[in-house]
Amino acid sequence: MNANMNQATAGAVVPVDPASSPYGSGEGASSTALPEIERIFAAVLNHRNWVIAAIVGALLLGLLATFLATPEYTSTARIEILPDSPVDTSVAEQRDRAMVNEVAFYNTQYSLLKSESLADRVVRAGNLTADKDFIEAFKLDVSEAGMTSSERKGLTDKAARVLLKQLEVTPVRASSLVDISFSTPSPKLSAKLADLWVTQFVQATIDRRFAATSDARKYLEARLETLRQNLETSERSLINYTVDKGIVNLTSDTDASGRTRTQTLVAADIAQIGSALAKARENRIAAEAELSNTMTGVAQANMSTIGSLRQRRAELQAELAQTQTVFADDYPSVVSLRAQIANLDKSIAEETRRSTQGNREAYNAAVKAERDLQAELDGLTSRYNSQQRESIEMAILQREVDSNRQLYEALLQRYKEIGVAGVGTNNVSLVDRAKIPNSPSSPNLFFNLALALLAGLLAAAGIVILLEKLDSSVRDPQDVLPRFGLPMLGAIPEVLGGSVADAITDKKSATYEAYFSLMTNLTFLTEHGAPRSIMLTSSRPQEGKSNSSLCLATVLAATGKSVILVDADVRNPSLNRYLEIPNQRGLSHYLSGDQDLDGMIERLPKFGFSIITAGKMPPNAAELLGSDRLGTLVETLLTRYDHVLIDSPPLLGLADAPLIARRVEGVLFTIEANATKNRAIATALSRLRMSGAKLFGAIVTKVGARNQVYGYGYGYGYGFSYGSGKSDGQ
């Protein structure tokens, strides 16, 4: 048999959806999708030759570019750039704002280091348009004769663009240092350009600060004069208004925001009268409480006299009581005592009346004082309210005075600071001058090779992606069901270094195990077990359908079934060549009318089944296969054999397979892994379905090392070698 007939089998069967499977759900391999990393690995492995070629080609190009490149020398000078106004604060928001301002400052400095104006300044300072080393290094076109002003300016601009192209500004991380580097073919020129650049940058910074200081002083002087006049005018207006309105300000102070707060004479009087009124009201309330009390207030002064009188009366009353126990009421001593007691009662009543009158006079005086103070307060309040209405205009004038004063004082302070600081010390200083390099900085062989390797990897990735997009063949047997709606009944491994005939006769081989698994799956397709009449076909030639017919017949025969294999590919018969048997009389002869069926059947003891070869190629193959003779043949063979297998021609380009499919119980569709395109498979399946054929499922053949990542290729060999008794150190 030719090499195209060699094929392989992975006996694993992909389980299908019970709703679409003809045999239901059984125990099969898991259909879990492979991780994306495994698919990428499979793609790289499948196209490894392209990947290796892309990487090697890129490395060779990198190596060639390195050897052909002109050596360049890099010289670096270092400067320090300090912020103009360092901020020292512990407030979080201010610190964050200072950091933002500092970032903006340094970004501005980096932009200034790369500015065209600095490049023009360096060209003029170093007279680079007349420097032979510079002109030769960068191939500048300098006329030997005299140049016009426009030509000279064009040459200067070109030299400046060359400098900016060669310039490299590199800030040193976590510091205020900046490295300025130049790379040229001349080591001396590189050092010269780096020194020129940092020197001119420092000088440009000084010039810029001096110009800014001079302009600022002129501007501030003019602005201060204007603000001074505004302040004088606003103060004069405020004073005139207070004089006209009779407003007397006793005190004035300025708060934290710079606003002036004043206290007028009326407001001070109101405060004093209010305090006195509160005191008078307290006195009136106290006098009112003492009005009927003879023991407090003014009556308190007579309290001792009244007390002594009452004590004397009590003594006389006691003496009278004692005398009455001895003498009668008309006794002179008794009458005298009664007269004394009556006089004391009159004295006590008089003193008590005098005390009460004193408290009332004190109360009346307190009421009068309160009323007088209230009247005075009402008058002052009315006057104050009138002044408050007038003070609105005064407050407006006062705010104008405060604003003008704040602006004037702030601008005056800034003017003093500029006058004291002047240009001051420059915030840019030179740290390290450029040195003449001893060795070239480029080309860097290792860097170029690493870059070339990266480019090669990217190119290889692009090639793999492109090839994967263009490749629409079946690589993962599990894709048969989602792509074509066809159950995958078996995956057949590729056979290398031998023939399928030898492999299928060895029951310990992976090929036999794969087809045995296929045969097992066929037993679930119908109620009576494996279908009795089966046609095997494919979309195009050399996909392994003939080998699958031979192997499936061998496995069925090994189970004790009687099997006959019919080669129906009368246009291009292959089973007779593969089995090395004659093809004198066969299917074409029977379909043409030959009734000697027994003479066409040949027994194959090695494989355990019988075969009918294709016979001679007829001129009208489609007509013969479409005749009723084929159906009669199948029915006749089914009466004599348990299973009839028909190896049919491929579908595309021929009408034979659909004609045969109507005569059998069902069809097994063969797909070659990594070869047959999706469109060809879909077209072939469409033709079969249109003919009314019943599709049992698909067989994926020639599954090899490219498909190992999908879980196919080694399972059966391991299974039978594990218990062989051979010791190989594993």
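How many of the 14 residues of H15 are buried? I would like to start there, and to say at once that everything I show comes from a predicted model. Of the 14 residues in helix H15, 13 are buried, so that the helix is mostly covered. Its geometry can be checked as well: H15 runs over residues 545-558, and at 1.5 Å a residue it should span 20 Å, which agrees with the 20 Å that separates its end C-alpha atoms.

Let me look at the two ends of that helix. Ahead of H15, in the loop that leads from strand S9 (533-538) to the helix, sits Gln542, a residue other than glycine whose phi is nonetheless positive, near 65°. Gln542 counts as partly exposed, with a relative accessibility of 43%. Just after H15 we meet another positive phi, of about 95°, this time at Gly560. As background, most residues other than glycine have a negative phi.

Now to the nonpolar cores. The largest of them has 46 residues, and the members that touch the most others are Met535, Leu587, Leu637, Ile646, Phe669 and Leu688. If we take Ile646 and leave aside its neighbours within four places in sequence, its contacts are Ile534, Met535, Leu536, Val566, Ala568, Val634, Ile660 and Val664. There is also a second core, separate from this one, with 38 residues, among them Phe134, Phe138, Leu155 and Val198.

Leu155 brings us to helix H6, where it is one of the buried residues, together with Thr156, Ala159, Ala160, Val162, Leu163 and Gln166. These buried residues lie on the same side of H6, because the arc they cover around the axis is only 160°. On the other side of the helix, Ser150, Lys153, Arg161 and Lys165 are exposed. H6 has 18 residues, and the distance from its first C-alpha to its last is 26 Å, close to the 26 Å expected at 1.5 Å a residue.

Before H6, in the loop that follows helix H5 (132-138), we find Lys139, which has a positive phi near 55° although it is not a glycine. Lys139 counts as exposed, at 66% relative accessibility. Beyond H6, strand S3 (residues 167-171) runs antiparallel to strand S4 (residues 177-184), and 5 bridges join the two. Within this pairing, Thr170 has Asp179 in S4 as its bridge partner. The hairpin has 5 residues between its strands, and in it Ala174 takes a positive phi near 60°.

Let me turn to charged side chains. How many salt bridges does a search of the whole structure find? The search finds 14, and I will go through some of them.

One is in H6 itself, where the side chains of Asp157 and Lys153 meet at 3.1 Å, N to O. Both residues belong to helix H6 and stand 4 residues apart, about one turn of the helix. Lys153 is exposed, with a relative accessible area of 54%, whereas Asp157, at 25%, counts as partly exposed.

The next pair is Asp656 and Arg571, whose side chains form a salt bridge at 2.7 Å, N to O. Asp656 is in helix H20 (residues 656-661), while Arg571 is in the loop between strand S10 (563-567) and helix H16 (575-579), so the pair ties together parts that are 85 residues apart in sequence. Asp656 is buried, with a relative accessible area of 0%, whereas Arg571 is partly exposed, at 34%.

A further salt bridge joins the side chains of Asp628 and Arg663, at 3.6 Å, N to O. This pair, too, links distant parts of the chain, since Asp628 is in helix H19 (residues 628-640) and Arg663, 35 residues away, is in the loop between H20 and strand S14 (666-672). Here Asp628 counts as exposed, at 58% relative accessibility, and Arg663 as partly exposed, at 25%. Elsewhere, Glu225, Arg228 and Glu232 are joined into one network by salt bridges that share partners.

I will end with Asp195, which lies in helix H7 (residues 187-245). Is Asp195 buried or exposed? Its relative accessible area is 18%, and Asp195 therefore counts as buried, the cut-off being under 20%. Not counting residues up to four places away in sequence, Asp195 touches Arg433 and Ala434.

Key: Residues are numbered from 1 along each chain as its sequence is written. This is a predicted model: local features need pLDDT of at least 70, side-chain atom pairs count only at pLDDT 80 or more; totals for chains, interfaces and linings use all residues. Side-chain values use heavy atoms; hydrogens and water are left out. A salt bridge is a side-chain nitrogen of Lys or Arg within 4 Å of a carboxyl oxygen of Asp or Glu. Buried means under 20% relative accessible area, exposed over 50%, partly exposed in between (1.4 Å probe, protein chains only). The expected span of a helix is 1.5 Å times one less than its number of residues. A nonpolar core is a set of buried Ala, Val, Leu, Ile, Met, Phe, Trp, Tyr and Cys residues joined through side-chain atoms within 4.5 Å. Contact means heavy atoms within 4.5 Å. Two strands pair if DSSP finds at least two bridges between them. The arc is that of the directions from the helix axis to the C-beta atoms.
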